[in-house]
Amino acid sequence: MAASAERPKIAGLFFLLLAGVAIAAIILQTWWTIAEDRQVTLKSEYDNGLVAVRLLEEHATQTLREADGNLSTVISAIRSISREKTLNDDVIRALITKAQPFNKVLKALQFVNPAGEAFVSTIDYPAYQVDADDRTYIPYLLKHPEITHPVIGHPFQRFYDTELVVPLARNMFAENGRHLGIISTDISVSYFSAVYARVAKDSKAIVSLFTEDGTVIVRFPFDKQFVGKKISQSRIIKELSSKPVEGSFEDSQFLDEHNTIARLYTYRKIADFPIVSVFARDNDSILAPWRNRSRDRIIFSGATILLLCILTFLLWLHIRRLHLSEDSLKKSETSLRISEGKFVNLFKYSPIPLALIRLRDDKLVEVNNRFLQQTGFNADEIIGKTPQEVNIWEDYALRSSYLDLLRKQGFIEQFEMRFRYKDGSLAICLISSRLLESAGEKMVVFTPIDITQMRAIENQIRQLNTELEERVKQRTRSLEETNLELANALDSLTTMQGELIRSEKMAALGSLVAGIAHELNTPIGNSVTVASTLQDHAVTMENELSTMQPRRSVLTQLTRETSKGANILVRSLDRAAQLILSFKQVAVDQSSNHRRSFDLSTTLNEILVTLEPMYGRTRHQLNVDLAPSIMMESYPGALAQIMTNSVNNALTHAFDNIEHGNMHLKTQLSNENQVEIIFSDNGVGIAPEHLAKVFDPFFTTKLGKGGSGLGMHIVYNLVTDVLGGKIELRSQLGQGTSLILVLPLIAPVKQTDKIAA
C-alpha cells in the first residue's frame, strides 16, 4: 500500500517537473528572442545614424574646405607680392578688393591689421564695424599670431543683412615671416540648413552641427535661439573630447533642454576642423516596432504558458485526489489510470515539441504530435528507434557531448544543434532536456525549439545593413560627382546668361538713343535754319532803318517773315523739348530702376515718345487706348524695359514680310488693386509648338539673324519678379499676338529697396 501511495506522488512531481521545464524553455526562449531583437534594432539605428552623420560631415567638410581654400589662395597671392615689394595696409586692401568675389561661399573678405584696424572688400564696411563686436576670433588671433590653422568664430546674425553666418579666419604672414594681420570670410548658415533640415524632416530626428568647444552652428528642427548658443558646460561636450572620431551616446536633454525622453545620439567629428555633427532620435520612436513585436511574442508565450499551467493544474488536481483516496486501492488505481490518460493527452497535444528517450538503449519511447509535425515523421517511423537509426542528428560527435553533459548535470538548457527532418532539410534547434526516472528506467525528456527562421531573419538583417551601407556609399560618390558637374555647368550658364542679358539691354538702350538722336535732328536742324534766317532778316531790317527814308513795304515783309519764322522756331524747339523731357524721364527710370509713384498713362506716353523712332520710319502704327488717372507705386524703369522689348519683338517677328502692321496698347483697371495692360498686334502670330517656349531664355526663331532669345525672357522676369504681376500670351497663326499683363497697383518691395530704406 505504501508503494502504491508513493506512485501518484512521484507521477505528480514528474509532470510538475515536465511542465516546469516546458514553461522555463518558453520563458527563456521568449526572453532571448526579445533581447536579441532589441540589440539588432539598436544596432540598425546606430548604423543608419552613422550613414546620416557621414553624409552631413561630407557636406560640412566640403563647404569649410572650399572657404579655407579660397582664403589660402588670397594669402598665397599676398605672400607672392611680398617677395617683390614691402607690404602695407593699403597694398593688402587693394589686393583683397581685386580678389572679390570667388564664389557663392566667399562673397567678401575681411582684413584686420595687427593694430586691430579692420577693412572689408565690399561697401558693407560700416556694417562690418557694427558686427565686429560679434567676431570674438579677432582679439584671439591677434594675441596668438603663432596660430597658422584656420579658426572658426562664434556664429552670429550679420548686421547689414540679418543673415546668420559663421566666420572662418586665419593669420596672414609675409614671405619674410612678418605678421600682416588676420584675413577672414563669413560662411552663411543657410549652406548647411538645406541639407540638415531635409535630413531632420525625413528622419523625424534632431540634426546639429557644433564646435568641439560647445558652440552650436545649426540645429534642426530649427530654433533660432540655438544658433551660436554656448553648451560648453554640458557633460556631453566634456566627454566628447576623449571619445573616438565617431560613435554614439544616450541622453535626454542634450540640444533640447525641455525634453525628458532619452535619445540615441550618433556623432562624427569632422576631420581638419574642430566641428562635430550629430543625428539623434528618441528611444521611444526607435524601439516602437521592437515593443510591438515583443508584445506579440509575450502574448503568444503567455497564452502557451497559461495553457500548460491549466493542464498542469488539472493534472495536479487529479494526482492530489489520488493521495486523498488511498483507502481504496481500486479507486486509486482507477484514478491513476485516469491521471495517466490525462498526462498522455497533455504530453501528446502540447503546443511545444516533446520527446521521451530511454537512456539505457537511446531509443525514442514517445513523441507528441507537435514533434511529429515539426520533423515530418510518422509515429511508427520513429518510436522504438534510436536517433542514429532515424538519422535525425546531423553531428553525432556533438550528440555525444550532449549526452555526457546531460549525465553530468541531469539537465541541459538551450543546447544548440542541427536536426535533420524527414525531407532531408536541416534546422537549427535549441534543446532543453531533463533527466528523470520512470518505472526504474532513466528517461530523457527534451524539447527541440526550431529557431531556423529566426536565425535566417537575423542574417538577412545583417546582410541588408551591409548592402545598404555600401549602396549609400556608392550613391554618395555618384551624387558628389553629379553635383560637381552640375555646379560647374550652372556657373558657366549663369555667367553666360548674365552677359547676354546685359548685352541685350545695352543693345535696346543703344537703339533707343539712336532713334531719339535721329528724331531730335529734324526739329533742331529746322531751328538752326530758321534762326539763321531770322538773323539775316534782323541785319536787313537794321540796314533799312539806317537809311534816310525806310521803306514801309520792306519793313512789313521783314516783320511778317520774322513772325512766321519765330512760330516755326517755337514749334521746332517745343518738339525737341518734348522729346528730351520724355527721354530724360525714361532714361532716369531705366538707369536707376527705383520705386516711385506715377500716373500710368503719363508714364506710358513718355515711354512711347522715346519708342516712336523705332517704328516712325516704317509704315507700322501704334494705337493707344490708355485709361486716365491710374496711379501706381511701382518700378517705371522695369515698365519701360517691358514696352521696349514688346515693341521691338513685334517689329522683329510679328511684322516679318508685312508692310502695314498695327500695334495696339490698352490699359484698364482689372479690380481695385490691379491694372491690366494689353499689347497686341495683327502680325503673323506664333506657331503652336513655339507658344510654350516664348519666355524660355535663348529661344528665338531668328537665331543668327539678330535675335538673341532673351527679349521676352527679360519681360517675363520683370513682370513676375520685379513688378509682382502675371503675364499671359495668346496667339494664333495669321491672326496676331496679344501680351496680357496683370500688375498690382502697389508692387512688392524688393530686397534692395528695403536695405536702401
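# A tour of cavities, a pocket and selected residues

Begin at the second largest cavity: by class, eight nonpolar, no polar and three charged residues line this space. Here nonpolar covers Ala, Val, Leu, Ile, Met, Phe, Trp, Tyr, Cys and Pro; charged covers Asp, Glu, Lys and Arg; the others, Gly among them, are polar.

Before selecting anything, note that this is a predicted model: local features need pLDDT of at least 70, side-chain atom pairs count only at pLDDT 80 or more, and totals for chains, interfaces and linings use all residues. Residues are numbered from 1 along each chain as its sequence is written, and side-chain values use heavy atoms, with hydrogens and water left out.

**Stop 1: the second largest cavity**

Select I357, R358, L359, D362, W393, R399, Y402, L403, I431, V444 and F446. These residues line the second largest cavity. Three elements give two or more residues to this lining: β12 (355-358), α12 (396-409) and β16 (441-450). Helices (H or I, at least four residues) and strands (E, at least two) are DSSP runs, numbered from the N terminus. Colour α12 next; this helix gives the most, with three residues.

The second largest cavity holds about 70 Å³ of space. The structure has five cavities of 30 Å³ or more. On a 1 Å grid over the protein atoms alone, a cavity is a set of points where a 1.4 Å probe fits but cannot get out; a pocket is an open set with protein on both sides within 12 Å along at least five of seven lines; lining residues have an atom within 4 Å of a point. Grid points are joined across faces, edges and corners, and a volume is the space filled by probe spheres set on the points.

**Stop 2: the largest pocket**

Move to the largest pocket, with about 1400 Å³ of space. Select H59, Q62, V195, L479 and N483, the closest to its centre of the 39 lining residues. The elements that give two or more residues here are α1 (2-82), α5 (190-203), β11 (275-282) and α13 (452-545). Which element gives the most to this lining? Helix α13 does, with 14 residues. By class, the pocket lining has 17 nonpolar, ten polar and twelve charged residues.

**Stop 3: T30**

Select T30, in helix α1. Is T30 buried or exposed? T30 counts as buried because its relative accessibility is 11%. Buried means under 20% relative accessible area, exposed over 50%, and partly exposed in between (1.4 Å probe, protein chains only). A polar atom of the T30 side chain lies 2.8 Å from the backbone oxygen of I26. Now show R297, I298 and S301: T30 is in contact with these residues, leaving aside its neighbours within four places in sequence. Contact means heavy atoms within 4.5 Å.

**Stop 4: Q110 and N113**

Q110 sits in strand β1 (residues 109-112). At 3% relative accessibility, Q110 counts as buried. Draw a line from its C-alpha atom to that of I183: the separation is 5.6 Å, for residues 73 apart along the chain. Then add T185, whose backbone nitrogen lies 3.4 Å from a polar atom of the Q110 side chain.

Step to N113, in the loop between β1 and β2 (118-120). N113 is buried, with a relative accessible area of 3%. Its side chain has a polar atom 2.8 Å from the backbone nitrogen of E117. Select D89, L142, L180 and G181 to see what N113 contacts, neighbours within four places in sequence left aside.

**Stop 5: backbone details**

Most residues other than glycine have a negative phi, and most peptide bonds are trans.

Zoom to F220 and P221, joined by a cis peptide bond with omega about 5°. P221 is in the loop between β8 (216-220) and α6 (235-240).

Next, take N391, a residue other than glycine with a positive phi near 60°. N391 lies in the loop between α11 (387-390) and α12. Its relative accessible area is 35%, so N391 is partly exposed.

End the local stops at S629, where phi is also positive, near 60°. Look in the loop between β18 (621-625) and β19 (631-634). S629 is exposed, with a relative accessible area of 64%.

**Last view: the whole chain**

Zoom out. The chain has 19 helices and 23 strands. Of its 757 residues, 44% are buried. Among contacts with a separation of 6 or more, 60% join residues 24 or more positions apart. About 40500 Å² is exposed, and carbon and sulfur atoms supply 55% of this area. Accessible areas come from the Shrake-Rupley method with a 1.4 Å probe; for residues, only the protein chains shown count as cover.

Terms used. Polar contact = N/O pair within 3.5 Å; in protein donor to acceptor, adjacent residues only side chain to side chain.
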